[in-house]
Amino acid sequence: MKLIPIPAFSDNYLWLLEHNEHTLVVDPGDARPVLEYLNHHHRSLDAILITHHHPDHIGGVAELKRRFDCPVYAPADDRIPIRDITATDGDQLSVLPDAPAFQVLHVPGHTLTHVAYVHDNRLFCGDTLFSIGCGRLFEGTPEQMWQSLQRLAALPDETRIYCAHEYTLSNLDFALAVLPEHPDLLAYKQKVQDRLQSGLPSLPSIMAIERRLNPFLNCHRQDIRQAAEKHCGMQLDSEVAVFACLRQWKDNF
Ligand code: ZN
Ligand code: FE
């Protein structure tokens, strides 16, 4: 099993998974770099998985489907024009032969129909969870996104997280505004900077790191709540209220 990040647009990763001679791609927003990779490695495509309807996640689906006629797995959503198999919360999808199933989690917040896929301790979470951050709330409420993130955070420590964007460094700058000079955040930032300077992605992240360092997963913690209360200038009585304040703070950061 091999995971390949295919960079696209300014900061997307289209994640390609190779298992024996089979290949799938998650959220191919652009067909061209995927086709280039497949041609170069003499592979064809066996499946496409979609997390949500935004163009940078589905833009290449029609072209790839035309070339390979492979099944497209996607949540039920009219804004996703091509779908062969509906991905519904709780499904265990057998996508590739002799490979573990892909478990579907409905994670509303960034969009209302957004899903994540869990496969063999790997999480493909689209724009829901980022390393040290989370997606913007385009459609859902803070309550929905908080619940979705809690669900993802309940996955095992060793889960590797394949986010759809390289946002880690800017997320770290925000986290360091919430918790200035936090030594673990500073250490992680150094590590991420080193990787990016070597031309490597900061991803995948690991759930143990996110649970410890991602402010959006730690709205129950007192240091995070106090920072949020100071920024928003009011008392925040629930984890959701802290989350909503953090998300708004980050939107304008
Ligand atoms: Zn999106
Ligand atoms: Fe996106």
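# Helices, strands and an iron site

Colleague: At what angle do helix H1 (residues 31-40) and helix H3 (residues 61-68) pack, and how far apart are their axes?

Modeller: H1 and H3 pack at an angle of about 35°, with axes 9 Å apart. The contact involves Ala31, Val34, Leu35 and Leu38 of H1, together with Glu63, Leu64, Arg67 and Phe68 of H3. Of these residues, 6 are nonpolar, none is polar and 2 are charged. An axis is a line fitted to C-alpha atoms, for helices over the stretch in contact, and angles run from 0 to 180 degrees between N-to-C directions. Contact means heavy atoms within 4.5 Å.

Colleague: On what basis should I read such values?

Modeller: This is a predicted model, in which local features need pLDDT of at least 70 and side-chain atom pairs count only at pLDDT 80 or more, while totals for chains, interfaces and linings use all residues. Residues are numbered from 1 along each chain as its sequence is written, chains are lettered from A and ligands numbered from 1 in the order in which they are written, and side-chain values use heavy atoms, with hydrogens and water left out.

Colleague: What makes an atom a donor of the iron ion (ligand 2), and which residues supply the protein donors?

Modeller: Donors are N, O and S atoms within 2.8 Å of the metal (3.2 Å for Na, K and Ca); water is not among the atoms, so sites may look incomplete. Asp56 (OD), His57 (NE2), Asp127 (OD) and His165 (NE2) lie 2.1 to 2.3 Å from the iron ion (ligand 2), so they meet the limit of 2.8 Å. Along the chain, these donors follow the spacing D-H-x69-D-x37-H. Asp127 also coordinates the zinc ion (ligand 1), which is 3.2 Å from the iron ion (ligand 2).

Colleague: Why is the site of the iron ion (ligand 2) called irregular?

Modeller: Four donors count as tetrahedral if all angles lie between 85 and 135 degrees; four count as square planar and six as octahedral if opposite donors are over 155 degrees apart and all others between 65 and 115; anything else is irregular. The angles among the 4 donor atoms run from 85 to 168°. Since 168° goes beyond the tetrahedral limit of 135 degrees, that name is excluded, and the site is classed as irregular.

Colleague: Is His57 buried or exposed, and how do you know?

Modeller: Buried means under 20% relative accessible area, exposed over 50%, and partly exposed in between (1.4 Å probe, protein chains only). His57 has 1% relative accessibility, and therefore counts as buried.

Colleague: Which class do Asp69 and Asp98 belong to, buried or exposed?

Modeller: Asp69 has 60% relative accessibility and therefore counts as exposed. Asp98, with a relative accessible area of 72%, is likewise exposed. Asp69 lies in the loop between H3 and strand S5 (72-74), and Asp98 in the loop between strand S7 (92-93) and strand S8 (102-106). Neither is a glycine, yet phi is positive, about 45° for Asp69 and about 60° for Asp98.

Colleague: What makes strand S1 (residues 2-8) and strand S2 (residues 12-19) a pair?

Modeller: Strands (E, at least two residues) and helices (H or I, at least four) are DSSP runs, numbered from the N terminus. Two strands pair if DSSP finds at least two bridges between them. S1 and S2 are joined by 7 bridges and run antiparallel, so the requirement is met. They form a hairpin with 3 residues between them, and Phe9 in the turn has a positive phi of about 50°. Pro7 stands opposite Tyr13 in S2.

Colleague: Why are S7 and S14 said to stand at the edges of their sheet?

Modeller: The open sheet has 6 strands in the order S7-S8-S9-S10-S13-S14, with mixed pairing. S7 and S14 each have a single partner strand, so one side of each is left without a neighbour in the sheet. Helix H4 (residues 142-153) packs on the sheet, touching S8, strand S9 (115-119) and S10, and its direction makes about 155° with that of S8.

Colleague: How do you know that the pairing is mixed?

Modeller: S8 and S9 pair in the antiparallel sense over 4 bridges, whereas strand S10 (residues 122-126) and strand S13 (residues 160-163) run parallel, joined by 4 bridges.

Colleague: What makes S9 mostly covered?

Modeller: In S9, 5 of its 5 residues are buried. Val115, Tyr117 and His119 lie on one side, and Ala116 and Val118 on the other.

Methods:
Ala, Val, Leu, Ile, Met, Phe, Trp, Tyr, Cys and Pro count as nonpolar, Asp, Glu, Lys and Arg as charged, and the others, Gly among them, as polar.
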